[in-house]
Amino acid sequence: FYFHDNPLGNLYSSNAYTFVDNNLYLATNDGFVSIQTNSISESNIHSDVYVTSVSLGNITQYSCNEPMTFDYSRQELTIHFSNLHHVNTNKCRYQYRLDGIDNEWSSPSDEHTASYKGLPPGEYTFYVRSVHGCKYCDTETYCLLVIKRPWWSTWPAMVGCLLLLSVLGLFFVYLWKRHHRISMSRHSLAV
């Protein structure tokens, strides 16, 4: 074919076709193409869904090959995914779930994103699958996500806070004893 791998792109004329006995004949620059229409069926090919990016606030990561780690934030976590199967894309829907948050798969949707607000720190596994018509894809794609604890809830911060409180407590005890000693010495001088 000269212009396209698809015979329809090489039509000599848009009126150069005929339909005879369940066969469609198309005239092209190189001759004609015969298509047996009774052997055409809906594609049963399912391709995997890919997580294309994960964003939390203004941080975006693109590789799901290893766990994606994000600092603690109360902002929205957005996961973008796509299916590279381009046949019957209008029939392709997606379902997803986030372990620990979602108890069931989401309703099938043609949206390519999933969003979660205010996730607590922890480790999560995001699953996504495609649904073609009424058929579920056998394979699920997953992505491991880690949201770190805020700095103030880490053990170094807690130990530092305890040390600071201890030092402040000792300082106030010292001031109280000093004040008590001074007032006792003033009281003994007055007597």
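Two residues are in contact here when heavy atoms of theirs lie within 4.5 Å. By that criterion, and leaving aside its neighbours within four places in sequence, Ile79 in this predicted model is in contact with Val51, Ser53, Val54, His112, Thr113, Ala114, Phe126 and Leu145. That list is a convenient place from which to enter the fold.

The protein chain has one helix and 12 strands, and when it is read along the sequence the strands come before the helix, in the pattern β-β-β-β-β-β-β-β-β-β-β-β-α. Of the 191 residues in the protein chain, 25% are buried, while the accessible surface comes to about 13700 Å², with 56% of that area belonging to carbon and sulfur atoms. Among contacts between residues at least 6 apart in sequence, 52% join residues at least 24 apart.

Ile79 leads directly into the interior. The largest nonpolar core has 21 residues, and Ile79 is among those with the most contacts inside it, together with Val54, Leu77, Phe81, Phe126 and Leu145. Two or more residues of this core are given by each of the elements β4 (49-56), β6, β7 (76-83), β8, β9 (113-117), β10 (122-132) and β12 (141-147), and the largest share, four residues, comes from β4. As background to such an arrangement, nonpolar side chains in soluble globular proteins tend to be buried together.

Phe70 gives a second view of this part of the chain. It lies in strand β6, which covers residues 68-70, and Phe70 counts as buried because its relative accessible area, 3%, falls under the 20% limit. Leaving aside its neighbours within four places in sequence, Phe70 is in contact with Val54, Leu56, Ile59, Gln61, Leu77, Leu145, Val146, Ile147 and Lys148. The last of these partners is 78 residues away along the chain, yet the C-alpha atoms of Phe70 and Lys148 are separated by 6.2 Å.

Lys148 also takes part in a charged pair, since its side chain meets that of Asp71 in a salt bridge, with an N to O distance of 3.1 Å. This pair links distant parts of the chain, 77 residues apart, with Asp71 in the loop between β6 and β7 and Lys148 in the loop between β12 and α1 (155-190). Asp71 counts as exposed at 52% relative accessibility, whereas Lys148, with a relative accessible area of 40%, is partly exposed. In general, side chains of opposite charge can pair when their charged atoms come close.

A search of the whole structure finds two salt bridges. Besides the pair just described, Arg97 forms a salt bridge with Asp99, the closest N and O atoms being 2.7 Å apart. Here Arg97 counts as buried at 19% relative accessibility, and Asp99 counts as partly exposed at 28%.

Strand β8, which spans residues 92-98, also holds Gln95, a polar residue that is buried, with a relative accessible area of 5%. A polar atom of the Gln95 side chain lies 2.8 Å from the backbone oxygen of Ser106. Thr141, in strand β12, offers another case of a buried residue, in this instance with a relative accessible area of 17%, and its side chain reaches the backbone oxygen of Val49 at 2.4 Å. Not counting residues up to four places away in sequence, Thr141 touches Asp48, Val49, Val51, Phe126, Tyr127 and Val128; Val51 and Phe126 appear also among the contacts of Ile79.

The surface remains to be considered. Phe32, found in strand β3 (residues 31-36), counts as exposed at 59% relative accessibility, and, not counting residues up to four places away in sequence, Phe32 touches Tyr25, Leu26 and Ala27. Elsewhere, Leu162, Leu164, Leu165, Leu168, Phe171, Phe172, Tyr174 and Leu175 make a nonpolar surface patch of about 810 Å². One of these residues, Tyr174, is found in helix α1 and counts as partly exposed at 46% relative accessibility.

Note on methods. Residues are numbered from 1 along each chain as its sequence is written. This is a predicted model: local features need pLDDT of at least 70, side-chain atom pairs count only at pLDDT 80 or more; totals for chains, interfaces and linings use all residues. Side-chain values use heavy atoms; hydrogens and water are left out. Buried means under 20% relative accessible area, exposed over 50%, partly exposed in between (1.4 Å probe, protein chains only). A polar contact is a pair of N or O atoms within 3.5 Å; within protein, one must be able to donate a hydrogen and the other to accept it, and residues adjacent in sequence count only if both atoms are side-chain atoms. A nonpolar core is a set of buried Ala, Val, Leu, Ile, Met, Phe, Trp, Tyr and Cys residues joined through side-chain atoms within 4.5 Å. A salt bridge is a side-chain nitrogen of Lys or Arg within 4 Å of a carboxyl oxygen of Asp or Glu. Patches are made of residues with over 30% relative accessible area and no salt bridge: like charges are joined within 9 Å, nonpolar side chains (Val, Leu, Ile, Met, Phe, Trp, Tyr) within 5 Å. Accessible areas come from the Shrake-Rupley method with a 1.4 Å probe; for residues, only the protein chains shown count as cover.
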